[in-house]
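Biologist: Hi! Could you walk me through this structure? I'm new to this, so plain words please.

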Amino acid sequence: MADVDGGVLGSLARAQYGALARLRWRMFANGLRTNKGILELGARTFGWVVYAVLGLALGSGASVATYFLVSEGQWRFLPILFWVLAFLWQMIPVMLASFQEQFDLGILLRFPVRFGSYFLLYLIFGLVDVSTILGGLCCAGTWVGVAIARPGLLPWTTLVLGVFAAFNILLVRAIFAWIERWLRQRKTREILGAVFMVGMLSLQLLNPAMYQRKHSGRNGSQNQEEQFQAAKARYKPFLKQANAVQKWLPPGLAAQGLRLTVEQQPGSALESLSVLAIYVLAVGGLLSIRLKAEYRGENLSVAPVREKASAKRSKAAASLGAMVRPTADYRGSGMVAGPNRGSGPIAAVIEKDVRSLMRTLPLLYAIGAPLLLVLVFSGVFIKNGPVQTPVFPLALPICMVYAQLGFTQVFYNNLGTEGPGIQLYFLSPTPFRTVLLAKNILHSLLFGVVALVAGSLAFLRLGAPDSAVVAATVAWLLFSLPCNLIAGNIFSIRMPYRVNPGRISRQRGSQANAFLSLLVQLAVLAVGASVFALSWFLDRLWLAVPIFFVLALGAVYGWRRGLDASDAMANGRRDALMATLMKES
């Protein structure tokens with residue numbers, strides 16, 4: 001009993017930590033025995049190198065910005081730096097959710113693990129998250145900037161940055177823990193999906209207003225200066241109120257703690273740090289409430305409650321008698337009764353995938369988020385000045401590139417949402433080629449809709465492009481789509497991973513799938529950029545249209561050949577597919 005009550009650092013807890021570390025090591029070592037495991041290691045290493053370079057770049061930028069702000073005494077702008085750091089810390093997990101493979105600590109609840117040990121392990125695994133590493137490098141850069149500008153502030157700066165980092169680590173874990181709790185139930189998942197889609201559409205409705213505001217002020221520098229002064233006077237009271245509020249929020253408290261120390265106000269600085277510590281305890285409490293529910297056995301699922309399920313079975317049994325006679329009549333003539341008359345396996349798979357997509361918020365986010373990039377990056381091509389100048393002619397295909405990024409998970413893991421239902425495809429007489437064909441048709445239609453929306457956004461933001469650019473862009477899309485479908489079908493069979501509709505941050509993704517899909521997309525983009533560059537150099541943009549059409553014919557032929565070989569490929573990897581997609585994630 002002494003060992004059991006030893007706490008999170010007792011002998012039993014230490015033995016459990018060691019067992020978990022050995023388990024992770026054996027999983028890593030055993031994974032290297034296969035070619036896929038070696039490929040996964042290479043892809044993961046490449047990813048960490050990219051994250052390290054990104055983190056060093058962000059940390060260097062934070063160091064330089066902090067140095068200039070502190071050395072020049074511009075303390076009023078220091079909260080902006082902390083707010084940017086906090087925003088990046090919370091948004092990076094969302095943007096990189098599909099490229100991370102994380103260990104699900106829920107399996108530890110099958111063993112006699114204390115809640116304190118479970119909570120500690122949850123935080124330790126959060127320390128090796130990409131967002132924590134990047135945010136930690138930014139905090140280190142901020143610390144270096146203060147150390148160079150004001151060496152006397154190092155002890156207090158270390159304490160403030162440590163508490164601020166603890167707040168962000170706990171906040172990002174708490175946010176995703178509660179979001180995943182809501183996404184585990186179908187009803188709340190559909191509500192959040194609807195809210196997300198409405199939010200996306202609302203942001204897109206701002207495009208005409210933004211476009212009009214951008215172009216209405218091009219009557220001269222004096223007019224722009226007057227508009228700036230008017231806007232400054234209009235929003236000055238609001239900015240004052242926002243500044244007063246942000247002083248009591250964690251980023252503002254961290255910046256205020258450093259400023260008050262320089263102003264020789266240790267009591268007020270300690271008060272700011274104490275309030276920041278209270279925020280840390282509050283966020284930690286919210287996270288512990290969620291983890292405590294999981295620890296006690298909470299298991300939310302999409303299954304209906306018992307009473308509703310019984311009522312549905314009663315209705316189904318009552319209506320079955322009315323369906324038997326018409327069905328028998330149609331069966332003799334080879335037709336199907338009901339509203340699905342004349343439908344086949346392709347229509348059934350499409351309908352099932354549409355329903356699955358509408359209930360899978362991670363895929364909806366992956367498809368919709370790049371449209372925001374189109375909205376943001378299209379403004380780069382708008383030139384402000386006294387004289388309105390034409391935008392970059394190839395802005396439309398660049399916007400299409402951003403729209404295509406959201407379909408990486410959809411194209412290259414088109415079996416990820418099947419789960420245990422993958423075994424039904426092998427039990428049914430429907431060829432696997434037909435299943436992939438139905439998925440490719442649906443994804444092509446979705447891609448067409450997203451491309452149309454992205455083109456409309458570019459049109460509203462940049463104006464009508466040249467007809468040659470539109471034709472060349474459409475021809476390039478006709479080439480890139482079958483190329484992605486070819487590689488997507490192969491990767492979906494060779495390197496699949498299950499997509500959990502109730503999770504955003506803890507998806508068990510395949511690093512090899514993500515890395516190779518990125519290489520394929522870069523190759524397709526390189527071909528398109530080469531053709532556009534050649535046409536641009538020759539001043540014949542129409543020349544890109546027949547070139548892309550020829551390439552598209554070859555890509556369609558390869559896609560057809562790939563579909564023909566998919567049956568043998570899927571049957572050869574039947575056991576691996578079912579083992580991967582039926583695994584709980």
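Modeller: Happy to, and we can go from the whole chain down to single residues. One thing to keep in mind is that this is a predicted model.

Biologist: Good to know. How many helices and strands does the chain have?

Modeller: There are 22 helices and zero strands.

Biologist: And what share of the 585 residues is buried?

Modeller: Buried residues account for 41% of them. As for the outside, the chain exposes about 30900 Å², and 69% of that comes from carbon and sulfur atoms.

Biologist: What about contacts, how far apart in sequence are the partners?

Modeller: If we take contacts between residues at least 6 apart in sequence, 83% of them join residues at least 24 apart.

Biologist: Can you show me one residue with partners like that?

Modeller: Try Ala-472, which sits in helix H19, residues 467-494. Ala-472 counts as buried because its relative accessibility is 0%. Apart from neighbours within four places in sequence, Ala-472 touches Phe-532, Leu-541, Ala-544, Val-545 and Phe-548. You can also look at Pro-546: it is 74 residues from Ala-472 along the chain, yet their C-alpha atoms are separated by 8.6 Å.

Biologist: Nice. Switching topic: how many salt bridges does the structure hold?

Modeller: Eight. A good place to begin is Lys-352, which pairs with Asp-353, the closest N and O atoms being 2.6 Å apart. Lys-352 also forms a salt bridge with Glu-418, and there the closest N and O atoms are 2.5 Å apart.

Biologist: Where do Glu-418 and Lys-352 lie?

Modeller: Glu-418 is in the loop between helix H16 (408-412) and helix H17 (422-427), while Lys-352 is in helix H13 (residues 345-358), so this pair ties together parts that are 66 residues apart in sequence. Salt bridges with shared partners join Lys-352, Asp-353, Glu-418 and Lys-439 into one network.

Biologist: Is Lys-352 buried, partly exposed or exposed? And what about Asp-353 and Glu-418?

Modeller: Lys-352 is partly exposed, with a relative accessible area of 26%. Asp-353 is buried, at 6% relative accessibility. Glu-418 is buried as well, because its relative accessible area of 11% falls under the 20% cut-off.

Biologist: Got it. Which residue does Glu-294 form a salt bridge with?

Modeller: Arg-290, with the closest N and O atoms 3.5 Å apart. Both Glu-294 and Arg-290 are buried.

Biologist: Why are Glu-294 and Arg-290 separated by about one helical turn?

Modeller: Because they are four residues apart in helix H11. An α-helix has 3.6 residues a turn, so residues three or four places apart point the same way.

Biologist: Tell me more about H11. How far apart are its end C-alpha atoms?

Modeller: They are 42 Å apart. H11 has 30 residues, so at 1.5 Å a residue it should span 44 Å, and the two values agree. The buried residues of H11 include Ala-269, Leu-273, Val-280, Gly-284 and Leu-287. After H11 comes Gly-297, whose phi is positive, near 105°.

Biologist: Which residues other than glycine have a positive phi?

Modeller: Gln-264 is one of them, with a phi near 60°. Asp-539 is another, also with a phi near 60°. They are worth a look because most residues other than glycine have a negative phi.

Biologist: Where are Gln-264 and Asp-539 found?

Modeller: Gln-264 is in the loop between helix H10 (250-262) and helix H11 (266-295). Asp-539 is in the loop between helix H20 (511-537) and helix H21 (544-572).

Biologist: Buried or exposed, for Gln-264 and Asp-539?

Modeller: Gln-264 is exposed, because its 66% relative accessibility is over the 50% cut-off. Asp-539 is exposed too, with a relative accessible area of 62%.

Biologist: Last topic: which residues form the nonpolar patch on the surface?

Modeller: Val-64, Tyr-67, Phe-68, Trp-143, Val-144 and Ile-148. Together they have about 550 Å² of accessible area. Helix H2 (35-72) and helix H5 (130-149) each supply at least two residues of the patch.

Biologist: Could you pick one of those residues for me?

Modeller: Sure, take Val-144, which lies in helix H5. Val-144 is partly exposed, with a relative accessible area of 35%.

Conventions
Residues are numbered from 1 along each chain as its sequence is written. This is a predicted model: local features need pLDDT of at least 70, side-chain atom pairs count only at pLDDT 80 or more; totals for chains, interfaces and linings use all residues. Side-chain values use heavy atoms; hydrogens and water are left out. Buried means under 20% relative accessible area, exposed over 50%, partly exposed in between (1.4 Å probe, protein chains only). Contact means heavy atoms within 4.5 Å. Accessible areas come from the Shrake-Rupley method with a 1.4 Å probe; for residues, only the protein chains shown count as cover. A salt bridge is a side-chain nitrogen of Lys or Arg within 4 Å of a carboxyl oxygen of Asp or Glu. Patches are made of residues with over 30% relative accessible area and no salt bridge: like charges are joined within 9 Å, nonpolar side chains (Val, Leu, Ile, Met, Phe, Trp, Tyr) within 5 Å. The expected span of a helix is 1.5 Å times one less than its number of residues.
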